[in-house]
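Please open the model in your viewer and keep the sequence panel beside it, so that you can select residues as the tour goes along. Each stop suggests a selection and then describes what is there.

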There are 2 protein chains.
Amino acid sequence: MTKKILSGHGSGGKLMNEMIETLIKGTLGPESIQLDDSAVLTIGTETIVFTTDTFTITPLFFPGGDIGTLAVNGTVNDLAVMGAEPLYLSCGVIIEEGLDMEVFETILKSMKAAADHAGVKIVTGDTKVVQKGNADKLFINTSGVGRITGKVQRGPVREGDTILVSGFIGDHGISVMAERNNLTFTKGLQSDCMALNSMIMKITEAYPESIRFMRDPTRGGVASVLNEIVKGQPFSAKLYEHNCPFREEVKGVCEILGIDPLYAANEGKVVMIVNPGDAAGILEKMRETPEGKDAAIIGEITAEYPGKAYLETAIGGERILPLLLDEQLPRIC
Amino acid sequence: MTKKILSGHGSGGKLMNEMIETLIKGTLGPESIQLDDSAVLTIGTETIVFTTDTFTITPLFFPGGDIGTLAVNGTVNDLAVMGAEPLYLSCGVIIEEGLDMEVFETILKSMKAAADHAGVKIVTGDTKVVQKGNADKLFINTSGVGRITGKVQRGPVREGDTILVSGFIGDHGISVMAERNNLTFTKGLQSDCMALNSMIMKITEAYPESIRFMRDPTRGGVASVLNEIVKGQPFSAKLYEHNCPFREEVKGVCEILGIDPLYAANEGKVVMIVNPGDAAGILEKMRETPEGKDAAIIGEITAEYPGKAYLETAIGGERILPLLLDEQLPRIC
């Protein structure tokens with residue numbers, strides 16, 4: 001039987017990773033996906049970062065943002081976690097014929113506001129319209145270019161390193177799922193969608209040599225990012241459940257829907273792995289910013305279970321956090 | 001009644017231009033679409049060009065190429081016509097669940113071959129999968145970064161300038177339409193989809209100061225590109241019909257389908273407006289290359305009908321080539 005592409009191939013989980021590793025990198029060559037989903041490039045005397053992301057989220061509007069804010073902040077954050085100053089974005093839209101012009105206008109306004117807030121410029125664009133039934137309302141691709149003047153923030157991760165997260169985990173994924181499922185008791189729960197470049201720059205300026213790894217845990221959440229880091233390595237990522245900041249509303253929705261918030265998407269959070277001696281200082285610096293005020297130390301790099309991510313549960317047990325095969329939350333970004 | 005987005009808003013015609021000018025530039029700011037659909041940017045000491053294009057063509061495979069070759073060559077050409085050396089591409093895909101893995105693999109192979117041929121690298125990517133009925137098989141966004149070391153090829157256009165085209169007009173649009181309409185008498189007619197950076201570089205090196213304007217006439221074709229150039233200007237673009245290179249098969253399909261080939265998409269052609277004194281030399285240089293062997297001088301910039309493009313017909317009449325309101329050939333790229 002002919003092999004088909006499944007929903008899980010776009011999940012941020014195992015199926016997607018396999019397709020990227022074998023089919024995409026295998027065909028386009030190993031340079032095709034450098035360092036996560038951003039590429040560090042040399043142009044003349046400059047070092048730039050180039051990244052791309054397509055947003056297909058449904059619904060277009062959700063508590064705390066819309067596909068426009070998400071498209072700008074998502075790409076800004078992909079540049080920022082490489083240690084780059086985000087500078088320029090492109091905006092390519094696919095519109096389903098019949099979309100209200102007002103809806104499109106509202107989303108463009110969100111993009112402009114998000115770009116202004118993050119200090120980036122949207123400089124080039126492309127518009128395609130397809131017939132009804134050939135897209136779902138609106139898809140947005142934003143690619144981004146940033147400049148690195150200091151260190152590329154991808155030093156090697158070592159045993160003993162400390163794992164931080166910049167705030168509450170799972171807010172984006174869970175608020176979108178609550179919206180889709182018409183759950184009403186989550187009043188007030190919002191996506192965390194925001195730009196992190198300002199906060200990250202403050203930390204990299206204060207601690208230029210202390211960060212081993214940064215990543216925004218979007219699709220697949222914190223657990224998937226940690227799995228990527230430890231994959232094939234002689235160490236593991238250990239999380240302390242009691243230290244992980246989860247909002248009560250997030251825990252409530254997760255119980256009802258049977259979702260693990262560690263796999264839920266975040267759109268305004270960064271996971272940092274840092275030199276343990278500087279962890280307290282970095283945490284303090286992070287908490288001084290509005291984006292990082294709820295930051296926490298959530299784990300460490302250890303020698304147990306090499307290549308795996310695992311959780312020390314609140315009651316003292318241990319649970320492996322596997323790389324999921326498939327999609328928990330389709331079209332979350 | 002709420003205003004809806006129509007197919008024509010993605011046509012390369014009047015509706016699209018209006019939406020870009022008022023809604024998109026109005027909301028995102030005037031810097032949002034610099035110089036056609038590419039942006040010339042300064043990063044440190046370097047001048048780069050940044051562009052984006054989304055491809056939604058149907059069918060995915062057509063005579064002479066597929067959506068993958070198109071996605072690479074289209075973005076390479078957008079960079080090349082700015083006078084840039086194309087360097088790096090991104091690749092963001094939206095896949096409809098259920099697409100054959102083999103189809104995706106074939107298209108990735110086309111992208112790799114096209115990138116190798118053009119001398120660019122695909123360095124970063126993103127993969128989204130949406131449920132059946134929420135996309136049409138496969139959409140590809142390619143954004144691109146190039147470097148300008150010489151002149152940005154956008155000098156002012158002047159009365160008396162010569163208009164050249166690098167080969168047969170309308171091959172891409174008409175071959176795709178023939179394929180969609182199962183026309184069989186066009187055997188051998190193929191899309192012109194190819195990268196133009198090598199040819200363009202040869203010309204800009206030999207004639208660094210002679211080119212006033214270059215553009216690849218994709219959606220909307222040669223007539224739409226000329227309309228954009230003369231819009232609001234005190235001069236017009238005059239084409240000589242008897243000098244325009246049209247293949248017999250293209251003329252045949254156009255008669256049957258009622259299409260004007262001057263509005264049909266090209267994916268491997270450049271329209272150049274050049275200093276008249278250098279036109280013969282540039283034409284000769286162009287014809288020395290495989291990409292430009294069928295190049296021709298097709299018109300001139302004149303003072304008649306300011307702001308318009310018009311055709312001197314083969315029988316000596318004149319016909320205005322208006323900016324079309326709407327879509328002649330939906331989803332041609």
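Begin by selecting R331(A) in this predicted model, where the relative accessibility is 6%, so that R331(A) counts as buried, the cut-off for that word being under 20%. To place R331(A) along the chain, look at the segment after β14 (318-320) of chain A, which is where this residue is found. Its backbone also deserves a look, since the phi of R331(A) is near 50 degrees, a positive value in a residue other than glycine. As background, most residues other than glycine have a negative phi, and most peptide bonds are trans.

Next, select N182(A), which likewise has a positive phi, about 55 degrees, although it is not a glycine. Is N182(A) buried or exposed? With a relative accessibility of 65%, N182(A) counts as exposed, because the cut-off for that word is over 50%. You will find N182(A) in the loop between α4 (171-180) and α5 (197-206) of chain A.

Now move to the peptide bond that runs from T58(A) to P59(A), which is cis, with an omega near 0 degrees. P59(A) sits in the loop between β2 (46-55) and β3 (61-62) of chain A. In chain B, select T58(B) and P59(B), which are joined by a cis peptide bond with an omega of about -5 degrees; P59(B) is in the loop between β2 (46-55) and β3 (61-62) of chain B.

For a stop inside a helix, select S224(A), which belongs to α6 (residues 221-230) of chain A. The relative accessible area of S224(A) is 4%, and this residue is therefore buried. If residues up to four places away in sequence are left aside, S224(A) touches G12(A), R219(A), Y263(A) and L323(A), and you may wish to display these together.

Then show both chains at once. Chain B can be laid on chain A with an RMSD of 0.0 Å by a turn of 180 degrees and a shift of 0.0 Å along the axis, and the two copies are thus related as by a two-fold rotation axis. To find that axis from the side of chain B, select A135(B), whose C-alpha is the nearest to the axis in chain B, at 2.1 Å from it. The same surface serves both copies, as 100% of the contact residues of chain B recur in chain A.

Stay with the place where the chains meet, and colour the residues in contact, which are 77 of chain B and 77 of chain A. Between them, chain B and chain A bury about 6,900 Å², of which 66% is on carbon and sulfur atoms. How many salt bridges are there between chain B and chain A? The count is six, and a pair to select is D100(A) with K4(B), which form a salt bridge whose closest N and O atoms are 2.7 Å apart. There are also 30 residue pairs in polar contact between chain B and chain A, counting those with both residues at pLDDT 80 or more.

Finally, look at the side of chain B that touches chain A, where the elements giving two or more residues include α1 (14-28), β5 (85-96), α3 (101-118) and β6 (121-130) of chain B. The largest share of that side, 10 residues, comes from β6(B). If you colour this side of chain B by residue type, its residues divide into 32 nonpolar, 27 polar and 18 charged.

Key. Residues numbered from 1 in each chain as written. Chains lettered and ligands numbered in written order. Predicted model: local features only at pLDDT ≥ 70, side-chain atom pairs only at ≥ 80, totals over all residues. Heavy atoms only, no water. Least-squares fit on C-alpha atoms with pLDDT ≥ 70 in both. Contact = heavy atoms within 4.5 Å. Helix = DSSP H or I, 4+ residues; strand = E, 2+ residues; numbered from the N terminus. Buried < 20%, exposed > 50% of the residue type's maximum accessible area, 1.4 Å probe, protein only. Buried area = accessible area lost by both parts, 1.4 Å probe. Salt bridge = Lys/Arg side-chain N within 4 Å of Asp/Glu carboxyl O. Polar contact = N/O pair within 3.5 Å; in protein donor to acceptor, adjacent residues only side chain to side chain. Nonpolar A, V, L, I, M, F, W, Y, C, P; charged D, E, K, R; others polar.
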